[in-house]
Amino acid sequence: MEQLFHVAPYTGYVYPNETVFPWTVMIVVYPYLTGLVAGAFTVSSFYHVFGMEQFRPVSRLALLTALSFMIFVPYPLLMHLGHPERAFNAMITPHITSAFVAFGYFALFYVCLLVLEIWFVFRVDVVAHAQNATGLARQFYRALSLWSDDTSERARAIDRKFMFVLAVVGIPAAHGLHGYVGFVFASLKSREWWGSDMMPAVFLFSAIISGVALLIVLYITIAKIRRVPIDEACVRGLVYALWGFMMFTLLLEGVEFATLVYKGKEGIDIILEYVAHDLFYRFFVFQFGVGAILPIILITYMVFRKVRGKTFITVAFICGLLVLLQVFLMRWNVVISGQEIAKTMKGLLYYHVPVLGREGLIVSLSALFGPLVLLWIFTRVLPPWLDRPATAGPQ
């Protein structure tokens, strides 16, 4: 078995039963994916619930993105389990006091809700595809439309009504889906780095900014690939949303760390030594500096200087990538760094990601990029683009 850790020789000591990382990189990827789901659904709600027209070009893409990443959410957990087939036992014979079991039912409910909302949003398009397609494609779209070809104004009004109700219900469902992850970490008092009452809020708001950043990157990238004009008003709206949520998220993370230091519990000295030396670049320089403060500065400059055109789009794309990196580092620093501090608070461990294995680097990358492949498939079946009429058929 490949050794995934070693003990830092100058930080004290750890007991033999502490030299195991029960939660590996797969548990870093898991909350990262759920955060992208919650954030993407939030972007779709800006239009479908609150009627913000500037978000219309990405509203349907956001729904497909949320579904693509949601389907992959169980993947890192199943790979983390020694026997993933036993995961069904939690659903069949549940332990009602387990937060993990509750998440299983909650996630299933959210997937069903998301699929229903997507069906009502795309129903008229599916009917149009069925009318223009031939052969097996026609039969597929007819089945997808439940063999209905009603596109009257009355039917469309019913679609909008159900879509609105599902979107409203989906807002707390999506946010609860990710806030649950912060709840799990906050409830584990055995790790000083995790036992914070602010952890659910930090996870929730970081999820929103990660989803907004993902939509910025996806929308600009797809528009460039398709060679269609980029709706600058839409990108500006996404950037403003990212800007506002980022400042609040940065404040929450800063207050959380300040609270940890101010409490000064037993072992705070080893935490401060860890943060000041081993974690300094990963925590302060990259997570806070490059991933959070730099995008805020760039967006603030663009807002006050009223930057427009290609420069605005390029900087927005860069800021989106930086925020995606920042949120991933936040997840890493919570999950892995929390375990690198020994439970005795007397020493440190170092975690190394293996390349191979069911919890290695390759599998982790497949969990991160697999949803993008699935999203490409979804966009081929249900094109979300609003620059082409629905009657044009599938692209």
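A search of the whole structure finds five salt bridges. The structure in question is a predicted model, and I shall begin with three of these bridges before turning to helix packing, two loops and a surface patch.

The pair I should like to take up at the outset is arginine 60 with aspartate 125, whose closest N and O atoms are 3.1 Å apart. This bridge links distant parts of the chain: arginine 60 belongs to helix 2, residues 56–72, while aspartate 125 belongs to helix 5, and 65 residues separate them. Are the two partners buried or exposed? Arginine 60 has a relative accessibility of 9% and therefore counts as buried, since the cut-off for that class is under 20%. Aspartate 125, with a relative accessible area of 11%, is buried as well.

Let me set beside that pair the bridge between arginine 160 and glutamate 153, where the closest N and O atoms are 2.8 Å apart. Here arginine 160 is partly exposed, at a relative accessible area of 44%. Glutamate 153 has a relative accessible area of 52% and is classed as exposed, because that class begins over 50%.

The third bridge joins the side chains of glutamate 232 and arginine 236, at 3.0 Å from N to O. Both residues lie in helix 9, residues 232–263, and they are four residues apart, about one turn of the helix. Their accessibilities fall into separate classes: glutamate 232 is partly exposed, at 23%, whereas arginine 236 counts as buried, at 12%.

I turn now to the packing of the helices. Two packed helices are described by the angle between their axes and the distance between the axes. I shall present three pairs on that basis.

Consider helix 5, residues 99–132, the helix that carries aspartate 125. Helix 5 packs with helix 6, residues 135–144, at an angle of about 150 degrees, and their axes are 8 Å apart. How are these two helices oriented to each other? They are roughly antiparallel, because angles over 145 degrees are assigned to that class. The crossing of helix 5 and helix 6 is left-handed.

Helix 7, residues 153–186, and helix 8, residues 199–226, form the next pair; their axes come within 7 Å and cross at roughly 140 degrees. Helix 7 and helix 8 are therefore oblique to each other, since an angle of 140 degrees does not reach the range over 145 that is called roughly antiparallel. Their crossing is right-handed.

The last pair is helix 11, residues 280–305, with helix 12, residues 309–340. The two axes come within 9 Å and cross at roughly 155 degrees, and these helices are therefore roughly antiparallel to each other. Helix 11 passes helix 12 in a left-handed crossing.

Next, the loops that join some of these helices. In the loop between helix 6 and helix 7 we find leucine 146, and tryptophan 147 is found in that loop also. What is notable in the backbone of leucine 146? Its phi is near 60 degrees, a positive value in a residue other than glycine. Tryptophan 147 likewise has a positive phi, of about 60 degrees, although it is not a glycine. As to their surroundings, leucine 146 is exposed, with a relative accessible area of 56%, and tryptophan 147 counts as exposed at 56% relative accessibility.

Further along the chain, serine 187 lies in the loop between helix 7 and helix 8. At 41% relative accessibility, serine 187 counts as partly exposed. Serine 187 and proline 200 are 13 residues apart in sequence, and their C-alpha atoms are 9.9 Å apart in space.

I close with the surface. Which residues make the nonpolar surface patch of about 690 Å²? They are Val353, Val355, Leu356, Leu361, Ile362, Leu365, Phe369 and Leu372. Within this group, leucine 356 lies in the loop between strand 2, residues 349–351, and helix 13, residues 361–381. Leucine 356 is exposed, with a relative accessible area of 62%.

How values were computed:
Residues are numbered from 1 along each chain as its sequence is written. This is a predicted model: local features need pLDDT of at least 70, side-chain atom pairs count only at pLDDT 80 or more; totals for chains, interfaces and linings use all residues. Side-chain values use heavy atoms; hydrogens and water are left out. Patches are made of residues with over 30% relative accessible area and no salt bridge: like charges are joined within 9 Å, nonpolar side chains (Val, Leu, Ile, Met, Phe, Trp, Tyr) within 5 Å. Accessible areas come from the Shrake-Rupley method with a 1.4 Å probe; for residues, only the protein chains shown count as cover. A salt bridge is a side-chain nitrogen of Lys or Arg within 4 Å of a carboxyl oxygen of Asp or Glu. Buried means under 20% relative accessible area, exposed over 50%, partly exposed in between (1.4 Å probe, protein chains only). Axes are lines fitted to C-alpha atoms, for helices over the stretch in contact, and angles run from 0 to 180 degrees between N-to-C directions. Angles under 35 degrees count as roughly parallel, over 145 as roughly antiparallel, 65 to 115 as roughly perpendicular and the rest as oblique. A crossing is left-handed if the near helix is turned anticlockwise from the far one by less than a right angle, and right-handed if clockwise.
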